[in-house]
Amino acid sequence: MRLHRYSRSPLNFSILTTFGMALLLSQGCRAQSRSLASTPPMGWNSWNHYATNVTEADVRANADALVASGMRDAGYIYVNIDDTWEGKRDAQGNIHPNSKFPDMKALADYVHSKGLKLGIYSSPGPKTCAGYEGSYGHEQQDANTYAKWGIDYLKYDLCSFRGTMQEESGGDQQKQWAMMRQAYEKMHQALLNTHRPIVFSLCQYGWDAVWQWGPKVGGNLWRTTGDVKDNYDRMSVIGFSQAGLSKYAAPGHWNDPDMLEIGNGKMTADEYRTQMSLWSILAAPLLAGNDLSKMDATTKSILMNKDVIAVDQDRLGIQGDRVSATGPFEVWMKPLAGDAKAVALFNRANFPYPISVQLKSVGFAGDAHARDLWEHKDLGTVQGSYSATVPAHGVVMLKLWQ
Ligand code: GLA
């Protein structure tokens, strides 16, 4: 009744319209942040290969290589500078890059001119993990600076804020967790205040079950573990420990088991295929961590396997999970659009071994069509179950549909 009366009054109607427009606009701003990272972010990050040595020239070279290699067109669009770009603050407290990065705005313009986006790194603490200047006490100022430079992605790494948490909480664990969440929320608000869409990547190593509260503090992705390394033991411990986290991922909000090591040279091609397959089943961010200007054909074929990338980037945004583990032999499944499924058979043993999957265990009542995503081969119709000999530390990955 009231609604009826309001709708007849031009004055009230205009108030309502103005109010409604304002609401829509404010929701539009929020919606903008929700539409960020509607599929898991893809790109490159400097840390795994360059660590503390990264320079502006390296970032430009890797941006060039993203385009020349075809990776940009395969979906890798973020060029993320990790730790060690930070210089000093000026008298007004504005952060400046150090001498390795003479002009951040010019670098952003260059990256944007290539159809790519630029990411940067900071910490809620006074210092970053490598001991450079963090954002503590300068959150809004830093967010404004990033927006002014044209930054599109921020990785926000807990680092020295751990010390601040310990000191200020008097050792109370619950207080520490509350401080940590507040620190991420503070930067989230600062980023929103800039009105620039900036992907917000939480990095606090999975503490306090971040997947349960990451979206509430604006995280588009959150690290679920400590750091990956370029060896099978560390990569596989991280990747396979993601079992059970699938329900926490959704478009705009992803579990992040850390970056790719593919092409860094210390794993076999089968081991790198395992990382690419597992990360895609997990709907994980695909952030290459190698020197893209020096990739061999095998590295390119792994990073640019379009069938596997399509699993990671599937529009439903459903993270896959473990179906079974029989000793070191694991079957994982990710639901895809069109009632299809990606199924991966992982062999964690150091000898080749046949692994089978029952179609009904991955949700098919009858027969299914199959495609081998590493062989790039249609396998025709599969009945009842599928078996393949999987190489040591390797994977066989299928797409199945009816
Ligand atoms: C932490 C992060 C890494 C990297 C380094 C940089 O260890 O987990 O991913 O960003 O800091 O110092």
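A salt bridge here is a side-chain nitrogen of Lys or Arg within 4 Å of a carboxyl oxygen of Asp or Glu. Keep that in mind for the first view, and note that everything shown comes from a predicted model.

**View 1. Glu56 and Arg60 pair up in a salt bridge.** The N-to-O distance between the two side chains is 2.8 Å, so the pair sits inside the 4 Å cut-off. Both residues belong to helix H4, which runs over residues 56-69. They are four residues apart, or about one turn of that helix. Side chains of opposite charge can pair when their charged atoms come close. This bridge comes from a structure where a full search turns up 19 salt bridges.

**View 2. A ring of residues surrounds the ligand, with Trp47, Tyr121 and Arg223 among them.** The rest of the cast is Asp82, Asp83, Cys129, Ala130, Lys155, Asp157, Cys203, Tyr205 and Asp227. Sorted by class, this shell has six nonpolar and six charged residues, and no polar ones.

**View 3. Zooming in on ligand oxygen and the side chains of Asp83, Asp157 and Asp227.** For Asp227, a side-chain N or O atom is 2.5 Å from a ligand oxygen. The corresponding distance for Asp83 is 2.8 Å, and a polar side-chain atom of Asp157 lies 3.0 Å from an oxygen of the ligand. On its own the ligand has 310 Å² of accessible area, and the protein covers 92% of that.

**View 4. Here is the one cavity of 30 Å³ or more in the structure.** The largest cavity has a volume of about 60 Å³. Its lining includes Asn45, Asn80, Asp256, Asp258, Met259 and Leu287. Strand E6 (153-157) and strand E7 (199-203) each give two or more residues to this lining. By class, the lining splits into four nonpolar, three polar and four charged residues. Look out for Lys155, Cys203 and Arg223, which line the cavity and also appear around the ligand.

How values were computed:
Residues are numbered from 1 along each chain as its sequence is written. This is a predicted model: local features need pLDDT of at least 70, side-chain atom pairs count only at pLDDT 80 or more; totals for chains, interfaces and linings use all residues. Side-chain values use heavy atoms; hydrogens and water are left out. A residue is near a molecule or strand if one of its heavy atoms lies within 4 Å of it. A polar contact is a pair of N or O atoms within 3.5 Å; within protein, one must be able to donate a hydrogen and the other to accept it, and residues adjacent in sequence count only if both atoms are side-chain atoms. Accessible areas come from the Shrake-Rupley method with a 1.4 Å probe; for residues, only the protein chains shown count as cover. Ala, Val, Leu, Ile, Met, Phe, Trp, Tyr, Cys and Pro count as nonpolar, Asp, Glu, Lys and Arg as charged, and the others, Gly among them, as polar. On a 1 Å grid over the protein atoms alone, a cavity is a set of points where a 1.4 Å probe fits but cannot get out, and a pocket is an open set with protein on both sides within 12 Å along at least five of seven lines; lining residues have an atom within 4 Å of a point. Grid points are joined across faces, edges and corners, and a volume is the space filled by probe spheres set on the points.
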